[in-house]
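Hello,

Here is the structure we talked about. Please open it and keep it beside you while you read the notes below.

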Amino acid sequence: MVTSSAILPEAALIMPSKRTSILVSEVGPRDGLQSISSIMPTEAKKAWIAAEAAAGVPEIEVGSFVPPKLLPQLADTAEIVAYARTIPGLTVAALVPNFKGAQNAITAGAHKITLPLSVSETHSLKNLRKTHDQVFDEVRAIVELLNTLPKDQRPHFEGGLSTAFGCTLEGHVDERKVVELAVKLMTLGCDEVGLSDTTGYANPAQLQRLIRLVRAEVGDDGLTGVHLHNTRGLGLANALAALEVGITTLDASLGGLGGCPFAPGASGNIVTEDLVFMLDAMGYETGIDLDKLLVVRDIVIAALPGEEMYGFTPDAGLPKGYHGPWGLPAHAA
Ligand code: ZN
């Protein structure tokens, strides 16, 4: 008999004994919008971001500093960052593909910037048109720029390791390569690395193994977040597996906006509403008001007619009488 501990060594941690805080980072305005051809009006983006922040979402990736001709959907990112900065308490994150993007993100006032590095070099060449060495040059230049800034104006700099669990072009991705690149990014001066299941290939056991391997080299503080997809229906299983090994930041997209180009009918990113319901019901602290979160969707639907929105919790509604951690003894809630 295989004991469960062989697969999920910390499976006993099914319900947190005290209310552990988990940071849910909304990536819909960047990841969701870049994956659809419709362009959301700037005012609707602002309304979406404001409503999610008002529901308690602490961090939102509001756009990407890529040339507008490549992604016209995100051409207003600088304006959106500036707007989001006016929302008290909200951490404003942006994706930057290169040094130029980082410069623009800093000028606009982003609190956090993420530069993606594809572990699969084939994917890197196709996606960013850069070899790994060329991406390292961008990272070096960004770190030099960051080092010239006063501490209070310096955004948090994350290196996002995409295709960390497999690549649609190369297939299997060597875990040793992921660890090597994570170490390299930290050595170059990133504050943190993230692991991204860009292709939806990850499974819970693989995810836990890779998180442990990377953390053994960069420390627990060097890897606190993962970006998961639900391409094969394993999104929330993977999220739970990540929590069990100490991950505290989870990316998600409202309504799974953007879908998945490889699997029609499946969301791409994990769905924020379902993730928050799972976390809330289990007793994790997210700071998010589920009732308020569920109505934010209406803003997105109205602004993007015809675009598919995913998620089970929004369709089914909250359980009858639901008001917070479900099944926890009163003293623990
Ligand atoms: Zn994604």
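How many bridges join strand 2 to strand 3? There are 5, between residues 59-64 and residues 91-95, and the two strands run parallel. One pair to look up is Gly63, whose bridge partner in strand 3 is Ala94. Before you go further, note that this is a predicted model.

**The barrel**

Now zoom out. The sheet has 8 strands that close into a barrel. Their order is 1-2-3-4-5-6-7-8, with parallel pairing. On average, neighbouring strands of this sheet are turned by 30° against each other, direction ignored.

Look next at strand 8, residues 249-252. Thr249 and Asp251 point one way from this strand, while Leu250 and Ala252 point the other way. All of them are buried.

Strand 8 has strand 1 (residues 23-26) as a partner, and 4 bridges join the two in parallel. Here Ser25 has Asp251 as its bridge partner. Strand 7 (residues 225-227) also pairs with strand 8 in the parallel sense, over 2 bridges. Gly225 is matched with Thr249 in strand 8. Between strands 7 and 8 the chain passes through helix 10, residues 235-244. This β-α-β crossover is right-handed.

**The zinc site**

Which residues coordinate the zinc ion? They are Asp31 (OD), His227 (NE2), His229 (NE2) and Asn269 (OD1), at 2.1 to 2.2 Å. Both His227 and His229 are buried. Along the sequence the donor residues follow the spacing D-x195-H-x1-H-x39-N.

Why is the arrangement irregular? Check the angles. The 4 donor atoms subtend 85 to 165° around the zinc ion. A tetrahedral site needs all angles between 85 and 135 degrees. The range here reaches 165°, so the arrangement counts as irregular.

Asp31 turns up again elsewhere. It is linked with Arg30 and Glu61 in a network of salt bridges.

**Salt bridges**

Side chains of opposite charge can pair when their charged atoms come close. In this model the count comes to 14 salt bridges. Three pairs are worth a look.

- Glu138 and Lys130 meet at 4.0 Å, N to O. Are they buried or exposed? The cut-off for buried is under 20% relative accessible area. Glu138 has 18%, so Glu138 is buried. Lys130 has 17%, so Lys130 is buried too.
- Arg209 and Glu175 meet at 3.0 Å, N to O. The pair links distant parts of the chain, 34 residues apart. Arg209 sits in helix 9 (residues 204-218) and Glu175 in helix 8 (residues 175-188). Arg209 is partly exposed, at 43% relative accessible area. Glu175 is buried, at 17%.
- Glu273 and Arg297 form a salt bridge whose closest N and O atoms are 2.9 Å apart. Glu273 lies in helix 11 (residues 272-282) and Arg297 in helix 12 (residues 290-303), so the pair ties together parts that are 24 residues apart in sequence. Glu273 counts as buried, at 0% relative accessibility. Arg297 counts as buried as well, at 8%.

**Where to begin**

Start from the zinc ion and find His227 and His229 among its donors. Then move to strand 8 and find its parallel partners, strand 1 and strand 7. Finish with the salt bridge between Glu273 and Arg297.

Best wishes

Methods:
Residues are numbered from 1 along each chain as its sequence is written. This is a predicted model: local features need pLDDT of at least 70, side-chain atom pairs count only at pLDDT 80 or more; totals for chains, interfaces and linings use all residues. Side-chain values use heavy atoms; hydrogens and water are left out. Donors are N, O and S atoms within 2.8 Å of the metal (3.2 Å for Na, K and Ca); water is not among the atoms, so sites may look incomplete. Four donors count as tetrahedral if all angles lie between 85 and 135 degrees; four count as square planar and six as octahedral if opposite donors are over 155 degrees apart and all others between 65 and 115; anything else is irregular. Buried means under 20% relative accessible area, exposed over 50%, partly exposed in between (1.4 Å probe, protein chains only). Two strands pair if DSSP finds at least two bridges between them. Axes are lines fitted to C-alpha atoms, for helices over the stretch in contact, and angles run from 0 to 180 degrees between N-to-C directions. A crossover is right-handed if, with the strands pointing away from the viewer, the path from the first strand over the helix to the second runs clockwise. A salt bridge is a side-chain nitrogen of Lys or Arg within 4 Å of a carboxyl oxygen of Asp or Glu.
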